[in-house]
Amino acid sequence: MLIGIIGAMEQEIKLLAESMLINETKIIAMREYYIGKLFGKDVVLVFSKCGKVAAGSTVTTLIETFKVDVVLFTGVAGGADKNLKIGDIVVADKLVQHDMDASSLPGFSKFEIPLLGVGTFIAPSHMVSLGKKSAEFYVSTCLKTDVDESILKEFNISTPNIVTGTVASGDQFIADSSKVLSLTQEIENLKCIEMEGAAVAQVCYEHGVDYIIFRVISDKADEHANINFPRFIEEAASHFTRGIIEHFVSEIA
């Protein structure tokens, strides 16, 4: 099995790259693909850059050029569920493109991808189950020794909650509480908002490839969404990502 792993920001894959035995590097369409072994499994690791087009292009290359069997997308996201806090982890069971709206045209509903007939992408249940199990394992056994205690205190992280739910993606960095409220009213069980996951889900759906998307909550997607964002990714979320993926790839068949 060959696993494709994507992060939208360089910091999100940094620790994974450092943990890899890299056998080869290929540059395709201005992206660097690391090919080798990670935690005993064959992987291709790549930094996609931000946004739905960047993510869609990258995952298409993973599937078409590298022939990956499964895709993992990870990184941070803005929380939409008011019960979620910084450091909590969302495993996507459904994904929606919140900025897709062709409803002014006859026959289309909001969020539906025109001519595909799908508005909500349902993640493979076995992948969601393993993703949640992997996050729970990391939080319960590794987190406190993996991330410096001072960092956890700085971001008021104790024991992160791990939830499954809907992830909404769009080509916007949301920093507006009224926008978040509007989306939570329109999208059932919305947990977080980001810029890539639903595009990855669409490409994988169209190719018939299994995928998993999980996100670490970095902010509330409100007017304070940019506070300590780079530091949180570098010092906390990147460790969460590496730890969860380590368990995930070791367990996947």
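This report describes the nonpolar cores, one helix and some salt bridges of a predicted model.

**Cores**

The largest nonpolar core contains 78 residues. Within this core, the residues with the most contacts are Ile5, Val71, Leu72, Tyr211 and Phe240. Helix 8, which covers residues 229-251, supplies the largest share of the core, namely 10 residues. Another core, of 10 residues, lies apart from the largest one; Ala168, Val180, Leu183 and Ile193 are among its members.

What does Phe240 touch, leaving aside residues up to four places away in sequence? Its contacts are Gly87, Ile89, Tyr138, Leu143, Val147, Ile157, Pro160 and Val216.

**Helix 8**

Helix 8 has 23 residues, and at 1.5 Å a residue it should span 33 Å. The C-alpha atoms at its ends are 31 Å apart, which agrees with that expected span. Helix 8 also has a kink of about 40°, and this kink is centred on Ala237.

**Salt bridges**

The structure holds 12 salt bridges. The table gives three of these pairs, with the distance between the closest N and O atoms.

| Basic residue | Acidic residue | Closest N and O atoms |
|---|---|---|
| Lys110 | Glu186 | 2.7 Å |
| Arg231 | Glu154 | 2.9 Å |
| Arg215 | Glu194 | 2.9 Å |

Glu186 forms its salt bridge with Lys110. Glu186 belongs to helix 6 (residues 177-186), while Lys110 sits in the loop between strand 6 (89-97) and strand 7 (120-122), so the pair ties together parts that are 76 residues apart in sequence. Glu186 has a relative accessible area of 37% and is partly exposed. Lys110 is also partly exposed, at 34% relative accessibility.

The bridge between Arg231 and Glu154 links distant parts of the chain as well: Arg231 is in helix 8 and Glu154 in helix 5 (residues 149-154), 77 residues apart. Arg231 is partly exposed, with a relative accessible area of 36%, and Glu154 counts as partly exposed at 35%.

Arg215 pairs with Glu194. Arg215 lies in strand 10 (residues 210-219) and Glu194 in strand 9 (residues 190-194), and the two are 21 residues apart. Are these two residues buried or exposed? Buried means under 20% relative accessible area. Arg215 is at 0%, so it counts as buried. Glu194 is at 5%, so it is buried too. Salt bridges with shared partners join Glu194, Arg215 and Glu196 into one network.

Key
Residues are numbered from 1 along each chain as its sequence is written. This is a predicted model: local features need pLDDT of at least 70, side-chain atom pairs count only at pLDDT 80 or more; totals for chains, interfaces and linings use all residues. Side-chain values use heavy atoms; hydrogens and water are left out. A nonpolar core is a set of buried Ala, Val, Leu, Ile, Met, Phe, Trp, Tyr and Cys residues joined through side-chain atoms within 4.5 Å. Buried means under 20% relative accessible area, exposed over 50%, partly exposed in between (1.4 Å probe, protein chains only). Helices (H or I, at least four residues) and strands (E, at least two) are DSSP runs, numbered from the N terminus. Contact means heavy atoms within 4.5 Å. The expected span of a helix is 1.5 Å times one less than its number of residues. The bend at a residue is the angle between axes fitted to the seven residues ending there and the seven starting there. A salt bridge is a side-chain nitrogen of Lys or Arg within 4 Å of a carboxyl oxygen of Asp or Glu.
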